[in-house]
Amino acid sequence: MRLILLCALAFMMVLPAAYAIAPSEMLKDPVLEQRARELGKELRCPKCQNQSLDDSEAAIAVDLRRIVRARLVAGDTDGEVKAYLVARYGEFVLLEPPVKQTTWILWFGPLVIALIGAVVVWRIARRGRAQMTETADELPDDDTETGPVTR
Amino acid sequence: MRRPDRMLKRLPYLLPLVIFAGLAVYLWDGLGKDPGRLPSALIDKPAPEFNLPPLEGRDPSQPLATDHLATGKPVLVNFFASWCGPCRVEHPILNAMAQEHGVTIHGINYKDRPEQARAFLRQLGDTYGRIGSDLDGRVGIEFGVYGIPETFVIDGQGRVRYRNPGPLDPETAEKIMALMETLE
């Protein structure tokens with residue numbers, strides 16, 4: 001019994017990621033269908049917060065997948081398809097937010113914080129080494145002399 | 001009393017506290033918001049181009065198109081369907097806005113069967129100006145609709161000024177009517 005359960009579990013783990021796309025939705029042209037799949041992964045279903053178009057079975061996701069395919073067949077570039085949806089649904093439909101002034105903090109904030117942390121660590125390490133090499137009578141009598149970061 | 005320069009040197013200690021306070025206020029504010037209520041990408045832009053046939057069974061000479069929205073006075077565009085529960089909830093509010101306050105409300109019947117839409121209106125009342133029949137939901141996509149009901153305020157020049165995703169409640173209806181008065 002246990003073995004059967006284990007096998008079932010293992011089987012489920014190797015299954016490829018399930019898409020919500022029905023076979024009837026797919027395009028005959030495999031190249032266009034591939035592009036539609038790439039776009040479907042990068043676009044968000046507006047109804048479902050954090051699911052991509054391809055992963056969602058919401059009616060609006062089905063409609064938008066159809067629109068994406070119709071635009072590709074009509075000769076749109078990937079960028080034009082995205083722009084079409086952004087014009088109607090806002091930048092929310094892009095799962096990866098674009099780099100622009102209002103999203104700088106999102107993209108570069110973690111980097112800035114890591115840099116500040118590195119500077120702080122570097123300063124503490126340098127002072128620790130300096131104190132170890134100083135002799136006792138050279139130590140400053142006031143700890144504020146050593147800079148803003150003190151223990 | 002401490003010397004000022006000494007105080008100044010101690011200032012960086014406060015920095016984490018200040019950052020924390022700022023983040024706390026920002027995030028606390030965000031907690032109360034409904035992530036399902038997206039702002040419309042169409043605000044202050046002209047309403048999308050569309051031309052819909054009237055709902056079957058209504059006056060066949062009354063289609064609903066972009067031109068009917070720019071009439072010099074603000075109107076509401078309400079997406080509804082008979083299969084949509086919240087639409088039933090908000091419908092009496094729409095009726096009251098139209099009947100008691102003289103608001104012009106055009107309906108877009110979204111992905112519905114005309115006979116069922118007619119039954120819905122017979123049951124709950126039909127106070128719409130025009131009703132366009134959006135059988136495949138294409139016009140919904142033009143408006144950026146992702147779930148109905150959704151209601152749009154269109155000003156006299158035919159620009160989208162406000163969007164309410166989800167059912168109207170009496171408070172929102174008041175706010176919308178106040179906004180429409182400023183547009184008049």
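The questions and answers below walk through a predicted model with chains A and B.

Student: Let's start with chain A. How many helices and strands does chain A have?
Tutor: Happy to begin there! Reading from the N terminus, the elements of chain A run α-α-α-α-α. No β appears in that run, and the count for chain A is five helices and zero strands.

Student: What share of the residues in chain A is buried?
Tutor: Here a residue is buried if 20 or more other C-beta atoms lie within 10 Å of its own. Chain A has 151 residues. Of these, the buried residues make up 16%.

Student: Now chain B. How many helices and strands does chain B have?
Tutor: Chain B mixes the two kinds of element, and from the N terminus they run α-α-β-β-β-α-β-α-β-α-β-β-α. Counting each kind for chain B gives six helices and seven strands.

Student: What is the radius of gyration of chain B?
Tutor: A useful yardstick is a compact globule of 184 residues, which would have a value near 16 Å. The box filled by the C-alpha atoms of chain B, taken along the principal axes, is roughly 85 × 35 × 30 Å. For chain B the radius of gyration is 23 Å.

Student: In what order do the five strands of the open sheet in chain B stand?
Tutor: Good one to trace on the structure. The pairing in this sheet is mixed. Neighbouring strands are turned by 20 degrees against each other on average, direction ignored. The order in chain B is β5-β4-β3-β6-β7.

Student: Which strands stand at the edges of that sheet?
Tutor: Look for strands with a single partner strand, so that one side of each is left without a neighbour in the sheet. The strands that fit in chain B are β5 (131-134) and β7.

Student: Do β3(B) and β6(B) run parallel or antiparallel?
Tutor: Strands of a sheet pair through backbone hydrogen bonds, and both arrangements exist. Among the facing residues here, B:Asn78 stands opposite B:Thr151 in β6(B), and B:Val77 stands opposite B:Phe152. Five bridges join β3(B) to β6(B), and the strands run antiparallel.

Student: How many residues lie between β6(B) and β7(B) in their hairpin?
Tutor: These two strands run antiparallel and are joined by five bridges. Across the pair, B:Thr151 stands opposite B:Asn164, while B:Glu150 has B:Pro165 as its bridge partner. In the turn, B:Gly158 has a positive phi of about 85 degrees. The number of residues between the two strands is five.

Student: Why is β6(B) described as largely enclosed by the rest of the structure?
Tutor: In a regular strand the side chains alternate between the two faces of the sheet, and both faces of β6(B) are covered. On one side B:Glu150, B:Phe152 and B:Ile154 are buried, and on the other B:Thr151 and B:Val153. The strand counts as largely enclosed because its buried residues number five of the five.

Student: How many residues of strand β7 in chain B are buried?
Tutor: Strand β7 of chain B covers residues 160-165 and is mostly covered. Helix α6 (residues 170-183) of chain B packs on the sheet, touching β6 and β7, and its direction makes about 175 degrees with that of β7(B). The buried residues of β7 number six of its six.

Student: How many residues does the largest nonpolar core have?
Tutor: In soluble globular proteins, nonpolar side chains tend to be buried together. Among the residues with the most contacts inside this core are B:Val77, B:Ile108 and B:Phe152. Leaving aside neighbours within four places in sequence, B:Val77 is in contact with B:Leu69, B:His106, B:Ile108, B:Phe152 and B:Ile154. The core has 51 residues.

Student: Is B:Gly72 buried or exposed?
Tutor: B:Gly72 lies in the loop between β2 (64-65) and β3 (75-80) of chain B. A residue is exposed if 12 or fewer other C-beta atoms lie within 10 Å of its own. Because B:Gly72 has 9 such neighbours inside 10 Å, it counts as exposed.

Student: How many residues does each chain bring to the contact between chains A and B?
Tutor: On the chain B side, α1 (4-10) and α5 (138-142) each supply at least two residues. The residues on that side divide into seven nonpolar, three polar and three charged. The contact takes 13 residues from chain B and 14 residues from chain A.

Notes:
Residues are numbered from 1 along each chain as its sequence is written. Chains are lettered from A and ligands numbered from 1 in the order in which they are written. This is a predicted model: local features need pLDDT of at least 70, side-chain atom pairs count only at pLDDT 80 or more; totals for chains, interfaces and linings use all residues. Helices (H or I, at least four residues) and strands (E, at least two) are DSSP runs, numbered from the N terminus. The radius of gyration is taken over C-alpha atoms; the globule rule is 2.2 Å times the number of residues to the power 0.38. A nonpolar core is a set of buried Ala, Val, Leu, Ile, Met, Phe, Trp, Tyr and Cys residues joined through C-beta atoms within 7 Å. Two residues are in contact if their C-beta atoms, placed from the backbone, lie within 7 Å. Ala, Val, Leu, Ile, Met, Phe, Trp, Tyr, Cys and Pro count as nonpolar, Asp, Glu, Lys and Arg as charged, and the others, Gly among them, as polar. Two strands pair if DSSP finds at least two bridges between them. Axes are lines fitted to C-alpha atoms, for helices over the stretch in contact, and angles run from 0 to 180 degrees between N-to-C directions.
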